[in-house]
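Colleague: I have a few quick things to ask about this one. Could you put it up so we can go through it together?

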Amino acid sequence: MQYDFDQIINRADTDSIKYDKMKYFFGRNDLQPLWVADMDFATPDFILSDLKNRLKHPILGYTMRKPIFFESYKNWAKKRYNWEVQNQWLDFSPGVVGALAIAILALTDENDEIIIQPPVYHPFFEVIKGNQRKLVENPLQKNSNGTYQMDFDDLRNKITDQTKMILIANPHNPVGRVWNKEELQQLGDIAVQNNLIILSDDIHADFVYKPHRYIPIASLNSAVAQQTITVTSPSKTFNIAGLSTSVVIIPNEKYRQKYNRKLTDMHLFLGNIFGNIALVSAYQKGEEWLEQLLQYLKTNRDFVIHYLNKKIPAVKPVAPEGTFLMWLDFSNTGLPHEKIKDILINKALLALNDGKSFGTNGEKYFRLNFALPRPKLKEALQKLEIFSTNK
Ligand SMILES: Cc1ncc(COP(=O)(O)O)c(C=O)c1O
């Protein structure tokens with residue numbers, strides 16, 4: 001079956017944050033939304049149809065996760081990433097960021113240090129600082145060829161007796177890196193040597209453009225696996241983020257017990273009936289849809305890069321190896337950050353994420369979500385041409 005990703009769907013007034021919270025965040029609601037990381041494509045029909053089937057029954061009472069819930073993720077991980085996950089490693093969370101917070105509360109103490117690698121997804125700051133842990137930055141380095149790398153020397157220097165955890169994103173939001181084996185190995189070795197827990201947010205794992213390949217850091221070897229908590233979800237992949245359902249993989253039994261204790265103490269283990277159904281449907285039936293989606297997104301990605309290079313050279317894209325997000329460097333416009341932001345919102349009428357919200361090294365950057373029908377993407381890029389003349 002051929003899926004139609006060109007279809008334009010009106011999402012206004014569906015309580016979508018991306019559309020219906022624009023006025024709150026940008027001061028006006030007549031912008032083209034290119035910010036929140038969900039896609040403007042229909043959730044696949046096989047998921048919608050499984051949900052509708054369940055709705056034929058009139059009672060939506062307390063629900064449980066059947067073994068197929070974790071089994072379907074396990075099979076997906078084996079097939080898509082060649083990762084052998086064991087049944088007992090698997091646990092649940094209502095959302096990926098929620099799982100990060102639970103893991104932090106379960107496995108670290110107040111004032112422990114947790115390392116992150118900015119520029120990075122803004123809730124990483126909140127789950128650390130909001131839970132009274134100390135945030136330590138190990139900023140990514142940008143090479144002369146425009147790609148980002150982890151700075152391992154700086155990382156080693158930042159580790160103290162109080163450092164308990166490093167929180168990474170793989171693939172990385174917003175710079176779009178898909179960490180390669182050598183990088184993950186170095187990081188894993190440092191974590192093992194220093195007894196650091198690696199909390200790996202792999203929510204974007206399914207969005208990887210060939211020849212790049214997603215490698216779960218816990219799949220490297222058993223020493224690294226014992227240090228790692230991986231959190232993932234079908235929510236981005238299948239556009240079901242509103243169902244708040246995710247999977248947590250913890251090979252280390254002691255860590256797993258602590259995680260599960262905290263999840264239970266907070267009474268967050270139940271989940272919801274629709275999330276359970278959608279996850280199984282996605283992982284059991286989703287491969288063909290995903291392959292077509294990746295093809296579409298890759299063309300969108302290349303289209304944006306080509307368009308910017310040709311028509312708007314002052315806006316430099318960082319070509320993502322994964323995710324449907326693009327980190328755009330506006331520094332060649334010669335304009336101050338606030339001016340760029342003002343032009344984006346009030347002249348181009350575009351809503352992009354402000355680079356400063358991703359922390360260190362976010363100044364003069366903005367993040368573009370390119371998971372939208374190509375005709376709409378073209379419209380957005382035409383509006384961005386305002387920067388081709390430095391207006
Ligand atoms: C790296 C990363 N982690 C987590 C999330 C959100 O996960 P959830 O909605 O399940 O909390 C996002 C959404 O943009 C993300 O980019």
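Colleague: Which backbone contact does Val 96 make with the ligand?

Modeller: Keeping in mind that this is a predicted model, a backbone N or O atom of Val 96 lies 2.7 Å from an oxygen atom of the ligand.

Colleague: And what do the side chains of Asp 201 and Lys 236 do there?

Modeller: A polar side-chain atom of Asp 201 is placed 2.5 Å from a nitrogen atom of the ligand, while Lys 236 brings a polar side-chain atom to 2.7 Å from an oxygen atom of the ligand. With the protein in place, 85% of the 400 Å² of accessible area that the ligand has on its own is covered.

Colleague: Where does the ligand sit?

Modeller: The ligand sits in the largest pocket, and the residues that surround it there include Ala 37, Gly 95, Val 97, Tyr 121, Asn 173, Ile 203 and His 204, along with Val 96, Asp 201 and Lys 236.

Colleague: How does that shell divide into nonpolar, polar and charged?

Modeller: The shell around the ligand consists of 5 nonpolar, 3 polar and 2 charged residues.

Colleague: Changing topic, how many aromatic pairs are there?

Modeller: The count comes to 21 aromatic pairs, taking ring centres within 6.5 Å as the cut-off. One of them is formed by Trp 327 and Phe 358, with the centres 5.3 Å apart and 75° between the planes, which makes the pair edge-to-face.

Colleague: Why does the pair of Trp 327 and Phe 358 tie together separate parts?

Modeller: Trp 327 belongs to strand β12 (residues 325–329), whereas Phe 358 is in the loop between β14 (353–354) and β15 (365–369), so the pair connects parts that are 31 residues apart in sequence.

Colleague: Now the backbone: which peptide bonds are cis?

Modeller: There is a cis peptide bond between Asn 170 and Pro 171, with omega about -5°, and Pro 171 is in the loop between β7 (163–169) and α8 (181–193). The peptide bond from Lys 210 to Pro 211 is cis as well, with omega near 10°, and Pro 211 is in the loop between β8 (197–201) and α9 (222–227).

Colleague: And is phi of Asn 111 positive or negative?

Modeller: Phi of Asn 111, a residue other than glycine, is positive, near 75°, and Asn 111 is found in the loop between α5 (96–107) and β3 (113–116). For background, most residues other than glycine have a negative phi, and most peptide bonds are trans.

Terms used
Residues are numbered from 1 along each chain as its sequence is written. This is a predicted model: local features need pLDDT of at least 70, side-chain atom pairs count only at pLDDT 80 or more; totals for chains, interfaces and linings use all residues. Side-chain values use heavy atoms; hydrogens and water are left out. A residue is near a molecule or strand if one of its heavy atoms lies within 4 Å of it. A polar contact is a pair of N or O atoms within 3.5 Å; within protein, one must be able to donate a hydrogen and the other to accept it, and residues adjacent in sequence count only if both atoms are side-chain atoms. Accessible areas come from the Shrake-Rupley method with a 1.4 Å probe; for residues, only the protein chains shown count as cover. On a 1 Å grid over the protein atoms alone, a cavity is a set of points where a 1.4 Å probe fits but cannot get out, and a pocket is an open set with protein on both sides within 12 Å along at least five of seven lines; lining residues have an atom within 4 Å of a point. A molecule sits in a cavity or pocket if more than half of its atoms lie within 2 Å of its grid points. Ala, Val, Leu, Ile, Met, Phe, Trp, Tyr, Cys and Pro count as nonpolar, Asp, Glu, Lys and Arg as charged, and the others, Gly among them, as polar. Rings of Phe, Tyr and Trp (its six-membered ring) pair if their centres lie within 6.5 Å; planes under 30 degrees apart count as stacked, over 60 as edge-to-face and the rest as tilted. Helices (H or I, at least four residues) and strands (E, at least two) are DSSP runs, numbered from the N terminus.
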